[in-house]
Amino acid sequence: MKKGHDQGKHKYGMVIDLDKCTGCGTCMVACAAENNVSVRPDESDKQRSIAWMLLYKIDNGKEFPDTETSYFPRPCMHCDDNPPCVSVCPATATKIDYNTGIVSQIYTRCIGCRYCIAACPYHARTFNWWDGYFPKGKGLDRYLSPEVSPRMRGVVEKCSFCHHRLMRAKDQAYAEGRKELKEGEYITACAEACPAQAISFGDLNNPGHKVSRLSKSPFAFRILEKLGTNPKVYYLSTKDWVRKMADNYLPGEFKPVSKASASADKKTTLQGG
Amino acid sequence: MDSVLIPAGVKRCSLKLFLLWTLPWLGLLAWGALSAFLCLWKGLNQTNMTNYFAFAVWIVFDLSVIALGAGAFFTGFLTYIIGKKELKDIINIAVIIGFICYSGAVAMLGIDIGQPIRGWFIFWHANVHSMLTEVSFCITCYLVVLIIEYVPIILANRKLDEVPDFHLFGNNLHRIMAVFAATGVFLSFFHQGSLGGMYGVMYARPFAFREGFYVWPWTFFLFILSAIASGPSFLILCTKLVQGITRKKLVPEKAFQTLAKISGWLLASYMILKIADTLGWIYGVIPKAGMTFMDFFSEGPYGVWLLICEIIIFGIIPAVILLIPKARQHQGWLITGCLMNCTGIVLNRFVLTIVTLAIPVMPFDKFVSYLPTWQEWGISLALIGFGVLVVSLSYRYLPVFPKEAELNPVAE
Amino acid sequence: MELSRRNFIKFVAGGAAGTALSPLPWKLTDDIAIWTQNWPWVPDPSTGEFTNVNSVCNLCPGGCGISVRKVDTRAVKIDGRTDYPVNPGGICPLGMGGLQLLYNKTIRYPGPMRRIGPKGKGEFVMITWDEALDILAKRISNLRKKGMPEAVAAVDGNQRMSTMSVMVERLLTSVGSPNYVTTPSIDDTYLISNLLLQGTDGPMSYDLENADYVLSFGCGLLEGWGAPGRVMNAWGLWHDSAGKTRAKIVQVESRASNTASKADRWVASRPGTDAALALGLAHVIIKNGLYNSRFINNFSFGFENWTSADGKDHVGFKSMVLDKYSPDQVAKITGLNPEDIVSLAKDFARAKAPIAIYGKGKDDLDGGVYECMAVHILNALVGNINKPGGVLINDPLPLSRLPEIKQDAIFKQGLGKPRIDQAGSLQYPFAGSLINNLTNKIIKSPKSPVDTILIFSANPVYTLPDGGAFKEALEKIPFVISFSPFRDETSYMADLVLPDHTYLEKMVDVVWPTGLQYPFYGLSKPVVEPLYNTRNSGDVIIELSKRIDSTVQSAFPWENFEGVLKARAKGLFKAGGLVTYDNMNPAWERKKYGNGSKHNYTSFEEMWTKIKAGGLWYQPVHGFDGWEGLFKTPDRKFEFFSKRVQLAVDEYAGKTTYKTALKNMGITVTGDQVCMPHYEAVSSDVNMSAYPLRMMPYEMINLASGWIPSPPFLYKTIFDNQLKGDLSFAAVNPKTATEYGLKQGDRVIIKSPAGEVEAGLSLSDGAMPGIVYLPLGFGHTAYDEFLRGKGVNPNEIIDAEKDPLSGHSVWWNTHVNLVRI
Amino acid sequence: MLPFCFEWLWGIDHIIFFGLLYLALVIIGLGLTFVGIKTFLQVVGILWEKDM
Amino acid sequence: MTHPANSSKKTSKGGWIFLLSGFVLALIVGWVIFPMVLYSKQSQPMNFNHLLHLDPEKVYGIEGDTRAEQCLYCHAFYEDGTFAGIPKVEKCIECHDDPENPLGELPEEMEFLVKYVAEEKEIPWLVYSEQPDCVYFSHIAHVKMGKLDCQTCHGDHDKTEKLPVYQENRLTGYSILIWGKNIAGYKKNTWDRMKMDDCAECHTKKGHEENNACFVCHK
C-alpha cells in the first residue's frame, strides 16, 4: 500500500530562500492569476478566501525596536510517499504521481467532503464556498487562462505545482523532438514571478538541479518535518528564530545550525522612539 | 377515524391530540427543509464552516447519532445471534431508532458534501484506503439492512397485514431476520470503527492521530466499543421516554436491566482502553510531534475540563452506576447513568471533530473559533424532529411493543 | 379486469423493473453528475493559439519588462522578462495583476463622457470624440480670445521627462499658460539637491547592485521605492547564497516596515530627523578622519572655513557639523544612543563601497531638500561619487528637444503672468511646480483663478496628502477635464472625461526609472487591441491642438503620438545605445562594451523598429572616470556650501528683509548654515495637548496608493490585521495603546486638525511609540465593489507643512488624537 | 468499483475491501430474493401451506 | 384473522398483464424514446468534403506520406506544440486565396468564399470531439511521440464526403461522440467512445501507466 517514491523518475520540488523573500506577495498574485483562482469582493475573510500560495507573516515576538518580522510563503508542500490528504480522499479525487512527485487534485472528481482539508496541517487546501465571482458584463472572465479549468462551487482546490506548465513544457519539447526537459523549462508561476529570485524550482532527484543542491544546505529545513509528511518544499534561512518557527520543538530540542548562522541571526537595532 | 389503522387491543390518544403533538416536530422539519434548500441551492457558504473548520456541527451530529444508533445492530446481535429472549420485546423500537439515526445521518452527509449530485463517486471511484469510503459503503448497506428489518414491522400494521401477500412477505422476512442481523452486525462493526479510523489516520494532525493494529488505528476499536456501550443506553433512554410520554409500561423491566448491565460492562471496558489510549497519546504521539499536552488544551474554550468530563464525569461515573445492580434498578439512577453515558460519547465525538481542527499545528498558525449558523442548526435539529415523528407514527400505527397489550389490558 | 389500486401498483412495479433494465436511470445519473462538472455559469475559457508579447509595464515609473501571454486575442497572464535590464525575471504584485485593470469593465470608461449628475457622483453620458474635443477646444480658444490663456491649467501625473508630460507642458505653453503643474515625486527633491550640491541636472543614479553597504534613509526598498523590479532584484543579489559575504543593508525608519525588518540593521530614529542623523554620522566620520581627503580637498567647496571675495569669513561645513551635530546632540534629536550613531558612522565609512540613499517610502511624494542634501553629503565624505557602488553623475537622457513653439501675442502675455503656484518665484526659487500652493490659491481666492483644468494620468483628489483640499479646489474650478482611463475619484469630479488607453493598449515611453544608475529608455507597445472607445492622450492632444487654433496647432506638427516619440528618440540614435539585452551581461556590470558602443543598428529607423520590438534602449553603466569637471556648480566643485542658495536668499532679501525672506522660505536657521545641509525641526503651531500623537501614512508594495487602482488580486495578499471587511487598521505600539486604554481590534476615530477617519486598531511592536501608522491605498470612494469603501485614506486627515527651500509639502508630520468608539 | 473500470486494481487491498463488500451485498440480495420467491410461491399456492 | 383466499387469487391473476405492460413500456421508454429526447441535432454551418480534399487526383498540395501527416496538413500543430484543431479560415485561404474565382465548382466552395473568405469571418464549426474544459489532451504527445493514427480516436473522418449531423447531449453539453452513439455505452471500434476509461484502456494496453497521473489528462 505505502508506495515509496524512490522508484519515481523525477521529484519536482521547491526551495524558498527566506532571506531573499521580501514579503511582497508577487508569488500569491502570480499564482492566482496563473491558475484562475477566484477573487471575491471581500478577500479579507482569510478563513474562506482561496490562496494556493499563501504568505504567513511571522515575528520574533520582541518589543520595539528589537521586533523583527519575516515571511513564510506557503504553497502546497506536495508531501512525498504518502501525503496525508491523498489516502483519505474517498473518491480518489487527489493523487500523488510518483514519476513527478506532484500531488494533483481533480476538481470534477471532488465531491467536496473536505476530509483532505481536515487531514492537511498546512492549510494548503481550500474549499470553494462560492462559485467563482464573474458577474455578467464585468468582463473579468476575459483574463482566464484556458490552461487551468476554473473551479465550480463545492470542491476543494490547492496548489498544483503548476502542472499545466509541465505539460506545456513537454509539448514544447515534443515539438522540438525531445523527450526530456532541461532545467528551468518547467518552473511554477510563483518561482518565475519572484522579483528577488527567492523561489527556485526543479527536480530534487537530479543532482545537477539547483534545488537539489540548495535542499542540502545546512540552512535548509521544511515545515512540520517531524510529522513525517516529507514535504518537497524546502526553505532556507540563516536566522535561527525563523527556522525554529517551522516546527514544534520540546524545550531544548531545537539545535541552532552553526556559529555562522548565529552571527547572521544577530540583528542589531538602534534604540529609538 | 384512523382507528382502523391502530393495532388491535391497544389504546391510543385521539387523532386531534396526536396531530397537535406532531406540530412542533413538523416545525423542526420545516426549518430543516428550508436550511437544506438554501445549502443545496446557494452552496455551503450558508454555513459558518471555513477552511479551518472543514468539519463542523453536522459531522459531530452524524458521528453522535451513528454511535447512539448502534443500539439497533447490537440489540439485534444479542437477540438473534446470542439469543437473549427478553430483548425480543425491545428489538422493534431498537430497529426503528437505528433506522432514524442512520437515515438521518446519511441525509445530513448528503447536504454536508459540496457536490451532492456527485456523491455516488465515492462508490464508483472508491479509494479503498480511505476510511471515509469504508464508512460510506457500510452505512449505506447497513441502512438497507435496517430498512429490511423495519419492513416487517410496517407490514404488521393491521390494515396492511390484511393483504395476504404482504402478510406472508412480512412473515418470511421475519423468519430469516437472523441473516440480515448478522450482516448488519458485520457492516456496523466496520463503519463504527472506520468512523474512528477517519480521525486516527490523520497522521499530520497530532491531536487525532493514533498508532494502531495493521491499517486500523486504536480509535477504530475505541469507536466500536464506545458505540456499543452507548447504543443500549440510548435505547433505554428512548424507550423510557416513550413510556413516560404515553404513561404506559411498554417493555418488561428485564429487558432494560439486561441492556443496562451490558451497557455498563462495555462502558467500563471502553473507559479502561480509552484511558490507556489517552496515556499512549500523551507519551507517544504528542512528544513525537514536538508538542506538549497543554498545547492542545490552552486554546480558546478547549481546556483540560473536556478530558475530565469525557473520561471521569461522563465515563467512569455512569459505568459505575450501570454496573451496580442496586443503582441501575433504581429508575432515577438508571436514567441518569444512561444519560451520562450517552453524553460522554457525544462529547468524545465532539472533541475528536472540533478540537482536532481547532488547534493549529503550524507554530505560526493562529487559532480561530467557529459558531454554527441557523441553517446548520436547522439541519441538525430536523434530525430530532424526524426521529420523534417516525417513533410517534410507528408507535401509533404499528405493533412496536409486543408486550404492550398484555401489560396494558384495555377494558372492552 | 379493472385498473384497481392493486393492479396499478403492479403496473408501477413492472415499470420500475423495466426502467432499471434500461439505460435511462444509469445514463441519467452519469449525465447529471457531468452537468455539475461544467455548470453553464462556471466560465469556460476559450482556447486557441498561444503567443507571448513583450512590452514594458507602465503602472509605475519603474519600467519593468513584461511578457504578456495571449490566447488568440485575449491576454491571459503577465510575466516578467529575463531579457530586460531593469527587472531580470520578476515583477511586482501590481504589475502581475495588470490584466484585472485592463479587463474590469466597471472601473473603466467605455468612451468620452460628459457629466450629468452632480460633481463627485460619477454620473455621465457617453458622447462622441468629436463632440468632446469640440467642447474642450472651444473652451480653450475662447479663453485665448478673451486674452486670459493663463486660466487654463494642467495637472500632469506622467513621469518627468516622459514624452507624454512633455506634450502636456507643450500644450499649455503653446496655449499660453504658465500653469503647468506636476504631481509630487521624490524626483523633484533629488533634482533640487543635485542642483544645489553638484550643479548637475541629471537624475539621481544610485549604483545599488555594486554597493556592499547600503545606508537607506527611509527608502522603502521593499515597499516599491524607485524601480521596484530593479530594487527587489538587487535585494536578491545582496542576499545571494547563504555563507558568502553579502551586502549589509541598514534601514533608517521609525516603523518596522518590510525593509526595516529584513535589513541587517534597523535604525529606528524619530521621523523627520534624517538630516540630523546624517550630519551626526558626518560628525563622527570627520572627527575620526575617515573621510576621503582627496575628494574633499580637491573637488569640494565649503568644507573648511573660507573667506569670500568681499573679505567676509564663512563657517565651513566641518566646523558647523563638529559644533552642532555631536553624537549626543543628535541622540537627543533622533532618540538613538550616541554609541550606536558612532558605530554606524564607522561601519559606513569603513565599508568598501558604501552608499547613503535618501527617500520616503515609495517616493510617490516629495521629500525634504535639506534632508536629501545631508544624506548625499555622506557619499561625498567617503568620496563614493561616480564610483562603483556609489552615486553616479549622469546627464539627462539624450532625447532630442522638440522644435521651438511659434509665439503669438496671447502667448507672450499669458506666459508673462506669474505662475499661480508661485513656483520659481523669489520665495520658492528652486521648485518646478507646487500643486499644494495652487490648491490653496484656488480655495482662498473668491473666484477660482483657474477656469479650465486638464488632468493627465493623475488622481490628485485621492493621492495628494492635503486633507482633501484639492477636491475642494476642483469644486470651485468651473470646468474640469480628466484623461483618466479609470473611474477614479478625480474623474468623478470632471465635467468631461476623455479616457486614455490603458498601458496594455498603447505605445508610451518610460524615461529613466527613479534611482537607476544607467541611461534607460523603455517603450511599451499595444499588447491587445483597445477594448473600448478610448484614445491615446498623446493623439488626443495633437487632435485638440488642431481644433483650438492654428498657432497652437503649429506647435504639434506630427500626425500622431508615435511621431512625437520618434522625434525625441532621434537623440538616442545620436548617443548610440543598446536595444537588446543579454542577461549574461547585466547592465550594472562594467563590462566590455563601454558607453553603449557596439550597438546593432545602422539607421534610426532600424533602431526604432528594434526599440519597438524589444521595448528598450539603454547604455550600460559607465566606468569611473575621475572627478575632474564633474560638477557644474558656480565654482565647479561639490558644494558643501551652496552658492545657489546664497544667491537666491540674497536676491529675495534684497526685495524684502533678510529675516522675512528666510521666514517665508521656511528656514529657521541663519548665517552660513542656511546654505549648508542642516536639520530643520518641523515647526508646527498645533496644540499638542489636543493632538498628542503623530500619524504617518505607510505604503505597501502589495497595495497601489498612486493614481492606478489596485487589482483585486492584491487584496488576497493583504493581511486581516490591515483590512477586515470594510475596516482598515492603524498600527500602534502596545505601549501607546495601553496609555490610551485601547486594545487590539478596538474601533477608533483618528482626529487631526484637517479632519478625522475611523479605523481599527492593530497593536504592533514594529510601530514606534507615540505614532499612529495608517496604510496608504485604502479608502477609495470610486471604482467598483472590489475597492470602493474599503478602509480609509490617510491623506484625508493629513495636515501638511511646507518644506524649507522647496516649498513642497511635509506630509509625514500630522498631529492626531485617538478616540475610542 | 467494478473490475472492468480502469481504476480497479487487482491489489490485495482492493480484493479484501470489495470482496467483503460484495459478500455482504450478495447475502442481502439472496436473502431478499429467497423471501420474495417463497412469498410468490405461497401466494400462488404451489408449495408451502400458507401459515396464517 | 382470515379472509377468502380465492378473492385475492382472482385479482392477482389478472394483474400480471399490468405488471408485464408496465415492464415493456418502461423498456421502450428507456431504450428508444430516452435517447431521442436526450440529444439535440444540429447541422454544421456548411459542408466540408474531406474525401475530396484528400484525393491527390482532384486536390493538389495536401501532402503527407502517412494518413496522419495528411490530416496534419490542415489540422496542424503550433510552434509551441499545441494543436490547432479545426483550422482557421486563414489556413484555407492558403489555397482558396481569391474570393472571386473558386478552385472547384462545388456550391459549398462558393458559399465558403462569399460567406467567410470575403467577409473575413471564421466558420462557427461544431466540434464533434470537443472534450469538456476539465480535460487536457496533448495531440503532439499521441500523434508525434506516440505514433498514433488519427482514426484511432476520430475514426475514418477523412473518408467522409458529408459532415455528419452534430448531436449534443442536452444535459451535459457534450457531443454524442464522447459517450458514443450507442446509448448503452457499448463500443465496437476504438473511436466509438471517448470517455476516460477509453483513454485509460489504451494507456494500459500500450503500457503507459507511468502517464496515468491525473494531471496528464486533467487540467
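E43(A) and K716(C) pair up across two chains in this predicted model, forming a salt bridge whose closest N and O atoms sit 3.2 Å apart. Between chain A and chain C, the count of such bridges comes to nine. Looking at the whole structure and over all chains, a search turns up 81 salt bridges.

The meeting of chains A and C deserves a closer look. Nine pairs of chains touch, and the most contacts among them are found between A and C. Chain A puts 76 residues into the contact, while chain C puts in 86 residues. The size of an interface is often given as the accessible area lost when the parts come together. Here the area buried between chain A and chain C is about 6600 Å², with carbon and sulfur atoms giving 58% of that area. For chain C and chain D, on the other hand, there is no contact to report; their closest C-alpha atoms lie 14 Å apart.

Other salt bridges sit inside single chains. In chain E, K219(E) bridges to D133(E), with 3.5 Å between the closest N and O atoms. These two come from distant parts of the chain, 86 residues apart: K219(E) belongs to the segment after α10 (214-217), and D133(E) to the loop between α5 (107-118) and α6 (139-145) of chain E. Both K219(E) and D133(E) are buried. Some salt bridges go beyond simple pairs by sharing partners, and one network built that way takes in E34(A), E147(A), R165(A), R168(A) and E192(A) together with R69(C), K77(C) and D79(C).

Chain B has its own example, a salt bridge between the side chains of R210(B) and D277(B), at 3.0 Å from N to O. R210(B) lies in the loop between α9 (177-200) and β1 (212-213) of chain B, whereas D277(B) is part of helix α11 (residues 253-288), so the pair ties together parts that are 67 residues apart in sequence. Each partner is tucked away from the surface by the usual cut-off of under 20%: R210(B) counts as buried because its relative accessibility is 9%, and D277(B) counts as buried because its own value is 8%.

In chain C, E150(C) and K417(C) form a salt bridge with the closest N and O atoms 3.0 Å apart. E150(C) is in the loop between α5 (129-145) and β6 (152-156), and K417(C) is in the loop between α16 (409-416) and α17 (435-444) of chain C, so here the parts tied together are 267 residues apart in sequence. The two ends of this bridge fall into separate accessibility classes: E150(C) is buried, with a relative accessible area of 14%, while K417(C), at 32%, counts as partly exposed.

Turning to single residues, I223(A) is found in the loop between β9 (220-221) and β10 (233-236) of chain A. With a relative accessibility of 0%, I223(A) counts as buried. Its contacts, leaving out residues up to four places away in sequence, include F72(A), M77(A), Y122(A) and P231(A) in chain A, along with M362(B) and F364(B) from chain B. Although I223(A) and R74(A) are 149 residues apart in sequence, their C-alpha atoms are 9.4 Å apart in space.

N128(A) is another loop residue, placed between β6 (125-127) and β7 (156-158) of chain A. N128(A) is buried too, having a relative accessible area of 3%. Beyond residues up to four places away in sequence, N128(A) touches I50(A), E157(A) and the residues R151(A), M152(A), R153(A), G154(A) and V155(A).

V60(B), by contrast, sits in helix α2 (residues 57-68) of chain B and counts as buried at 9% relative accessibility. With residues up to four places away set aside, V60(B) touches F350(B), T353(B) and I354(B). From V60(B) to L173(B), the separation is 113 residues in sequence and 34 Å in space, C-alpha to C-alpha.

Finally, there are the cavities. A search of the whole structure finds 19 of them at 30 Å³ or more. The second largest has a volume of about 310 Å³ and a lining of 22 residues. G218(C), E253(C), K360(C), G361(C) and M696(C) are the lining residues nearest its centre. Strands β15 (354-361) and β24 (693-698) of chain C each supply at least two residues of that lining. By type, the lining of this second largest cavity divides into eight nonpolar, seven polar and seven charged residues.

Definitions and conventions:
Residues numbered from 1 in each chain as written. Chains lettered and ligands numbered in written order. Predicted model: local features only at pLDDT ≥ 70, side-chain atom pairs only at ≥ 80, totals over all residues. Heavy atoms only, no water. 1 Å grid on protein atoms, 1.4 Å probe; cavity = no way out; pocket = protein on both sides within 12 Å on 5 of 7 lines; lining within 4 Å. Points joined across faces, edges and corners; volume = space filled by probe spheres on them. Helix = DSSP H or I, 4+ residues; strand = E, 2+ residues; numbered from the N terminus. Nonpolar A, V, L, I, M, F, W, Y, C, P; charged D, E, K, R; others polar. Buried < 20%, exposed > 50% of the residue type's maximum accessible area, 1.4 Å probe, protein only. Contact = heavy atoms within 4.5 Å. Buried area = accessible area lost by both parts, 1.4 Å probe. Salt bridge = Lys/Arg side-chain N within 4 Å of Asp/Glu carboxyl O.
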